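Reader: I would like a close look at one part of this model, with its surroundings described afterwards.

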Amino acid sequence: MNGQTDATIPGQVVGLAIVDDLVNAQQVLAAQRAYPESLRGLWEFPGGKVREGENPLEALEREISEELGYVFRAGQEIVPPAGKPGWPLDNGMTMRVWTGVLIGADGVGSDGAVLKPADINSGTQPEGADHLEIRWLTLDQNTEEAVEWIPSDKPIVRALVEATGNMPTFC
């Protein structure tokens, strides 16, 4: 955590940067929005709004279950800009984002083993789902341009790539 309390903050959104490995991440899961129409077709980290009485990680657990049907193990928070309660979004809300790995399907006993990209199919989602498509992306300096991210997610993508050490260093 970044020192923020886990109290509900009005207008707080949470997201999960689903990676293939919490220690040596090489891939990240991107989800293509189905709605609202203004965001349809753009890519994001799965997640959603924190409800009254939920702490951010409880909200994230609920959202990932609803959107993807999986449970996860959270890693580190992708720290927002200094002094901010989260990453600023275009609608005036803020978003806190954690890295995480998927560990099983909702309602199915999981042995805690991390699911790898081959276990989670990319592609079209069922009718009525929150996303049109999910896709595994290589986590590197090109991730930000690999798909058309929601503009406010681009700095988070950049911070994720930097935090995982998958950016080239120039001397």
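Reader: How many residues line the second largest pocket, and which of them lie nearest its centre?

Author: The model is a predicted one. In it, the second largest pocket is lined by 14 residues. Those nearest its centre are Leu22, Gln76, Thr99, Ala163 and Thr164. The volume of this pocket is about 190 Å³. Sorted by class, its lining holds seven nonpolar, five polar and two charged residues. Two elements, β5 (70–78) and α3, supply at least two lining residues each. The greatest contribution is that of β5, with four residues.

One of these two elements, α3, also takes part in the nonpolar interior. The largest nonpolar core has 25 residues, and Val28, Phe45, Ile78 and Trp149 have the most contacts inside it. At least two residues of this core come from each of β1 (12–18), β2 (27–33), β7 (94–105) and α3 (154–163). With five residues, α3 gives the most to the core. A second core, of 18 residues, lies apart from this one and includes Leu16, Ala31, Ala59 and Ile64.

Val28 can be followed further through its contacts. Neighbours within four places in sequence aside, Val28 touches residues that include Ala17, Ile18 and Val19. Phe45 is also among its contacts, as are Arg135, Trp136, Leu137 and Leu139. Thr143 and Leu160 complete the list.

Phe45 and Trp149, both named above for their contacts within the largest core, are both buried. They also form an aromatic pair with 5.2 Å between centres and 40° between planes, which is classed as tilted. The count of aromatic pairs in the model is one. This pair joins distant parts of the chain, since its members are 104 residues apart. Phe45 sits in the loop between β3 (43–44) and β4, and Trp149 in the loop between α2 (143–146) and α3.

The largest pocket remains to be described. Its volume is about 540 Å³. Its lining consists of 23 residues, with Val13, Arg33, Leu39, Glu44 and Gly48 closest to the centre. The elements giving two or more residues to this lining are β1, β4 (47–49) and α1 (56–68). By class, the lining of the largest pocket comprises nine nonpolar, five polar and nine charged residues. For the pocket asked about, the corresponding figures are seven nonpolar, five polar and two charged.

Notes:
Residues are numbered from 1 along each chain as its sequence is written. This is a predicted model: local features need pLDDT of at least 70, side-chain atom pairs count only at pLDDT 80 or more; totals for chains, interfaces and linings use all residues. Side-chain values use heavy atoms; hydrogens and water are left out. A nonpolar core is a set of buried Ala, Val, Leu, Ile, Met, Phe, Trp, Tyr and Cys residues joined through side-chain atoms within 4.5 Å. Buried means under 20% relative accessible area, exposed over 50%, partly exposed in between (1.4 Å probe, protein chains only). Contact means heavy atoms within 4.5 Å. On a 1 Å grid over the protein atoms alone, a cavity is a set of points where a 1.4 Å probe fits but cannot get out, and a pocket is an open set with protein on both sides within 12 Å along at least five of seven lines; lining residues have an atom within 4 Å of a point. Grid points are joined across faces, edges and corners, and a volume is the space filled by probe spheres set on the points. Ala, Val, Leu, Ile, Met, Phe, Trp, Tyr, Cys and Pro count as nonpolar, Asp, Glu, Lys and Arg as charged, and the others, Gly among them, as polar. Rings of Phe, Tyr and Trp (its six-membered ring) pair if their centres lie within 6.5 Å; planes under 30 degrees apart count as stacked, over 60 as edge-to-face and the rest as tilted.
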